[in-house]
Amino acid sequence: MLMRTDPFRELDRLAQQLMGPGTWSRPSAMPMDAYREGDEYVVAFDLPGVTADAIDIDVERNMLTVKAERRPVAKADDVQMELSERPLGVFSRQIVLADTLDTEHIQADYDAGVLTLRIPIAERAKPRKISIGVGSGRKEISG
């Protein structure tokens, strides 16, 4: 149902730690899980600290794109940062969806820093029984 388009994810993660936060032209990757649950395909993205209005989800044909931005928290003038390990910037992930998924009816929920997309499996892709008709017998063609 899902084809990975990110074969060098661990290399990207290491490069992000060395090169700093993602930008709109060079976003960082976001971790995800993908699994089938009944008649739906579920994709969950980890986006802790991101507000729902900073998430953008697009589908074009069978390409699903999720972008999010974690912005710095406003601090008072007398605050001195001692340690900052939580990454800021832009995060993005693209997934090629199979033709067997119904991209017209994707549901998105965001709770506790996890964006969950539920993509129904298209009716045409579900297993179905085909009935066999019984004819009225053989017909002979004479000429």
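# Exercises on a predicted protein model

In the hairpin formed by strand 4 and strand 5, where 2 residues lie between the strands, R61 takes a positive phi near 55°. This hairpin belongs to a predicted model, and the exercises below work outward from it.

**Exercise 1. Describe how strand 5 is paired on either side, and name residues that stand opposite each other.**

Step 1. Begin with the hairpin partner: strand 4 (residues 55–60) and strand 5 (residues 63–70) run antiparallel and are joined by 6 bridges. Within this pairing, E60 stands opposite M63 of strand 5.

Step 2. Turn next to strand 6, which pairs with strand 5 in the antiparallel sense over 8 bridges. Here R70 has G89, in strand 6, as its bridge partner.

Step 3. Place these strands in the whole protein, which has 1 helix and 8 strands. Read from the N terminus on, the elements run β-α-β-β-β-β-β-β-β.

**Exercise 2. Decide whether T65 is buried or exposed, and work out which residues surround it.**

Step 1. Locate the residue: T65 sits in strand 5.

Step 2. Compare its accessibility with the cut-off, since buried means under 20% relative accessible area. T65 has a relative accessible area of 14%, and therefore it counts as buried.

Step 3. List the contacts, leaving aside neighbours within four places in sequence: T65 touches D56, I57 and D58, and also S92, R93 and Q94. With Q94 there is also a polar contact between the two side chains, at 3.0 Å.

**Exercise 3. Find the salt bridges of the structure, and explain which parts of the chain they tie together.**

Step 1. Recall the general idea that side chains of opposite charge can pair when their charged atoms come close. In this structure there are 3 salt bridges.

Step 2. Take E37 and R118, whose closest N and O atoms are 3.0 Å apart in their salt bridge. Because E37 lies in strand 2 (residues 32–37) and R118 in strand 8 (residues 114–120), this pair ties together parts that are 81 residues apart in sequence.

Step 3. Follow R118 to E40, with which R118 forms a salt bridge whose closest N and O atoms are 3.3 Å apart. E40 lies in strand 3 (residues 40–46) and R118 in strand 8, so here the parts tied together are 78 residues apart in sequence.

Step 4. Combine the two results: E37, E40 and R118 are linked in a network of salt bridges. As for accessibility, E37 is partly exposed at 40%, R118 is partly exposed at 21%, and E40 is partly exposed at 23%.

Step 5. Complete the list with E69 and R71, whose side chains meet in a salt bridge at 3.7 Å, N to O. E69 is partly exposed with a relative accessible area of 22%, and R71 is also counted as partly exposed, at 45%.

**Exercise 4. Identify the residues that touch the most other members of the largest nonpolar core, and show what surrounds V66.**

Step 1. Start from a general tendency: in soluble globular proteins, nonpolar side chains tend to be buried together.

Step 2. Look at the largest nonpolar core, which has 20 residues; those touching the most other members are V43, F45, L47, I55, V66, I95 and L115. Strand 3, strand 5, strand 6 and strand 8 each supply at least two residues of this core.

Step 3. Examine V66, again without its neighbours within four places in sequence: among its contacts are M30, F45, I55, I57, F91, L115 and L117. Its contacts also include D56, S92 and R93.

**Exercise 5. Compare the settings of T116 and L101, and then consider the protein as a whole.**

Step 1. Place the two residues: T116 lies in strand 8, whereas L101 lies in the loop between strand 6 (89–97) and strand 7 (107–111).

Step 2. Check their accessibility, for which T116 has a relative accessible area of 18% and is buried, while L101, at 5%, is buried as well.

Step 3. Consider what lies around each of them. Apart from residues up to four places away in sequence, T116 touches V42, V43, A44, Q107, A108 and D109. The C-alpha atom of L101 is separated by 8.8 Å from that of E123, 22 residues apart along the chain.

Step 4. Widen the view to the 143 residues of the protein, of which 27% count as buried. Of the contacts with a separation of 6 or more, 57% are made by residues 24 or more positions apart.

Key
Residues numbered from 1 in each chain as written. Predicted model: local features only at pLDDT ≥ 70, side-chain atom pairs only at ≥ 80, totals over all residues. Heavy atoms only, no water. Helix = DSSP H or I, 4+ residues; strand = E, 2+ residues; numbered from the N terminus. Buried < 20%, exposed > 50% of the residue type's maximum accessible area, 1.4 Å probe, protein only. Salt bridge = Lys/Arg side-chain N within 4 Å of Asp/Glu carboxyl O. Pairing = 2+ DSSP bridges. Contact = heavy atoms within 4.5 Å. Core = buried A, V, L, I, M, F, W, Y, C linked by side-chain atoms within 4.5 Å. Polar contact = N/O pair within 3.5 Å; in protein donor to acceptor, adjacent residues only side chain to side chain.
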